[in-house]
Amino acid sequence: MGRVTERRKVVRIRDGVVSTRPDTLVTEEPLEIRLNGKPLAITMRTPGDDFALAVGFLVSEGVLATASDLRNVVYCAGATADGVNTYNVVDVQTAPGVRIPDITLERNVYTTSSCGLCGKASLDAVRTTTRHPVADSPPLRLTPELLAALPDRLRASQRVFDRTGGLHAAALFDEAGELLDVREDVGRHNAVDKLVGRALQGGSLPLSRAVLMVSGRASFELAQKAVMAGIPVLAAVSAPSSLAVDLAAETGLTLVGFLRGSSMNVYAGEDRIALRAAAAQG
């Protein structure tokens with residue numbers, strides 16, 4: 001697992017019995033993302049897939065849209081005063097001619113593992129920067145039964161969570177419910193960035209035939225990342241935020257929340273869900 005997990009001593013109390021034992025914890029470290037040599041953002045993440053994370057972040061910021069926009073991604077040597085490479089600073093270099101939105105260079109942004117990007121929540125920002133409108137043609141048609149199976153398939157693929165209990169996960173499924181890719185991270189938004197970044201690097205954007213499944217809630221930021229990658233369906237095991245629902249309705253994203261067992265709430269884009277049989281039984 002490398003730096004993905006670390007060991008720490010813990011005092012364990014069970015039914016009044018006290019013992020000391022080592023415990024496996026998920027690693028959390030800062031990652032500075034630079035764009036063409038200029039500092040852009042710092043995110044708290046679980047090391048691993050750092051290049052994909054940085055690339056996916058820049059997709060959500062409207063900087064990158066296709067593999068041809070990307071020239072290179074490198075770790076920055078001498079990231080500390082003594083010249084030691086911490087592998088916590090990456091520089092994303094865009095291809096010649098790629099237009100850089102002014103907003104990304106005018107602000108330094110800080111993200112946390114809990115809330116993601118701080119200080120940016122605007123429907124207009126998504127509408128004006130996305131280069132992959134949600135446009136699945138023909139539209140996806142997903143049954144409630146298929147959607148209900150996704151949380152267990154996501155959970156079964158969470159290898160590091162089994163050891164630590166401290167990671168979020170995000171996965172891409174095809175319209176038949178087959179797992180395409182899965183990433184884990186201490187931050188749910190980072191896990192999504194890693195998925196999207198890997199897709200761009202592999203020339204798979206837009207992900208117009210994919211379903212994005214995330215552990216936990218569906219925030220505005222996660223809905224934004226789905227829209228920016230051209231993903232037509234976002235499903236979460238917990239609740240969405242009101243702004244996430246507004247964004248989904250605005251952009252044509254299908255948003256499913258509280259996906260647990262055979263139950264779910266469809267907050268937007270219900271036309272992609274085969275609801276006729278379910279409605280007839282209601």
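**Reasoning about a predicted model**

Me: Where does Leu58 lie?
Reply: Leu58 is a residue of helix 1. The model it belongs to is predicted.

Me: What makes Leu58 count as buried?
Reply: Its relative accessible area is 0%. The cut-off for buried is under 20%, so Leu58 is buried.

Me: Which residues does Leu58 touch, leaving out those up to four places away in sequence?
Reply: Leu58 touches Leu35, Leu40, Val63, Leu64 and Val92. For one of these, Leu40, the C-alpha atom is 10.0 Å from that of Leu58, and the two residues are 18 apart in sequence.

Me: Is Met44 buried or exposed, and how do you know?
Reply: The relative accessibility of Met44 is 17%. Buried means under 20%, so Met44 counts as buried. Met44 sits in strand 4, residues 38-45. From Met44 to Glu28 the C-alpha distance is 6.4 Å, with their positions 16 residues apart in sequence.

Me: Why is Phe51 called partly exposed?
Reply: Phe51 has 26% relative accessibility. Partly exposed lies between the cut-offs of 20% and 50%, so Phe51 falls in that class.

Me: What kind of aromatic pair do Phe51 and Tyr75 form?
Reply: The ring centres are 4.8 Å apart and the planes make 45°. Centres within 6.5 Å make a pair, and an angle that is neither under 30 degrees nor over 60 makes it tilted. The pair of Phe51 and Tyr75 is therefore tilted.

Me: Why does this pair tie together parts that are apart in sequence?
Reply: Phe51 is in helix 1 (residues 50-60) and Tyr75 is in strand 5 (residues 70-75), so the parts joined are 24 residues apart in sequence.

Me: Why is the pair of Tyr75 and Tyr87 called edge-to-face?
Reply: The planes of Tyr75 and Tyr87 stand at 80°, and the centres are 5.0 Å apart. Over 60 degrees counts as edge-to-face, so the name applies to this pair. Tyr87 belongs to the loop between strand 5 and strand 6 (89-94), 12 residues from Tyr75 in strand 5. Tyr75, at 28%, and Tyr87, at 41%, are partly exposed. Together Phe51, Tyr75 and Tyr87 make one aromatic cluster.

Me: What makes strand 9 largely enclosed by the rest of the structure?
Reply: Of its 7 residues (168-174), 5 are buried, so strand 9 is largely enclosed.

Me: How do you know that strand 9 and strand 10 pair?
Reply: At least two bridges are needed for pairing. Strand 9 and strand 10 (residues 179-185) have 6 and run antiparallel, so they pair. They form a hairpin with 4 residues between them, and Gly177 in the turn has a positive phi of about 85°. Strand 9 also pairs with strand 11, in the antiparallel sense, over 5 bridges; there Leu172 stands opposite Leu212.

Me: How many bridges join strand 11 to strand 12?
Reply: Strand 11 (residues 210-214) and strand 12 run parallel and are joined by 4 bridges. The path from strand 11 passes through helix 7 (residues 220-228) to strand 12 as a right-handed β-α-β crossover.

Me: What covers the two faces of strand 12: are its residues buried or exposed?
Reply: Val233 and Ala235 on one side, and Leu234 and Ala236 on the other, are all buried. Both faces of strand 12 (residues 233-236) are thus covered. Strand 12 runs parallel to strand 13 (residues 254-260), with 3 bridges between them. The bridge partner of Leu234 in strand 13 is Leu255. The crossover from strand 12 to strand 13 goes through helix 8 (residues 242-251) and is right-handed.

Me: Which residues of helix 8 are buried?
Reply: Ala244, Val245, Leu247 and Ala248 are buried. They span an arc of only 165° around the axis, which puts them on the same side of helix 8. Ser242 and Ala249, on the other side, are exposed.

Me: Which residues have the most contacts inside the largest nonpolar core?
Reply: They are Leu58, Leu64, Leu205, Leu212, Val214, Leu234 and Leu255, in a core of 51 residues. Another core lies apart from it, with 19 residues, among them Leu146, Phe173, Val233 and Ala235.

How values were computed. Residues are numbered from 1 along each chain as its sequence is written. This is a predicted model: local features need pLDDT of at least 70, side-chain atom pairs count only at pLDDT 80 or more; totals for chains, interfaces and linings use all residues. Side-chain values use heavy atoms; hydrogens and water are left out. Buried means under 20% relative accessible area, exposed over 50%, partly exposed in between (1.4 Å probe, protein chains only). A crossover is right-handed if, with the strands pointing away from the viewer, the path from the first strand over the helix to the second runs clockwise. The arc is that of the directions from the helix axis to the C-beta atoms. A nonpolar core is a set of buried Ala, Val, Leu, Ile, Met, Phe, Trp, Tyr and Cys residues joined through side-chain atoms within 4.5 Å. Rings of Phe, Tyr and Trp (its six-membered ring) pair if their centres lie within 6.5 Å; planes under 30 degrees apart count as stacked, over 60 as edge-to-face and the rest as tilted. Contact means heavy atoms within 4.5 Å.
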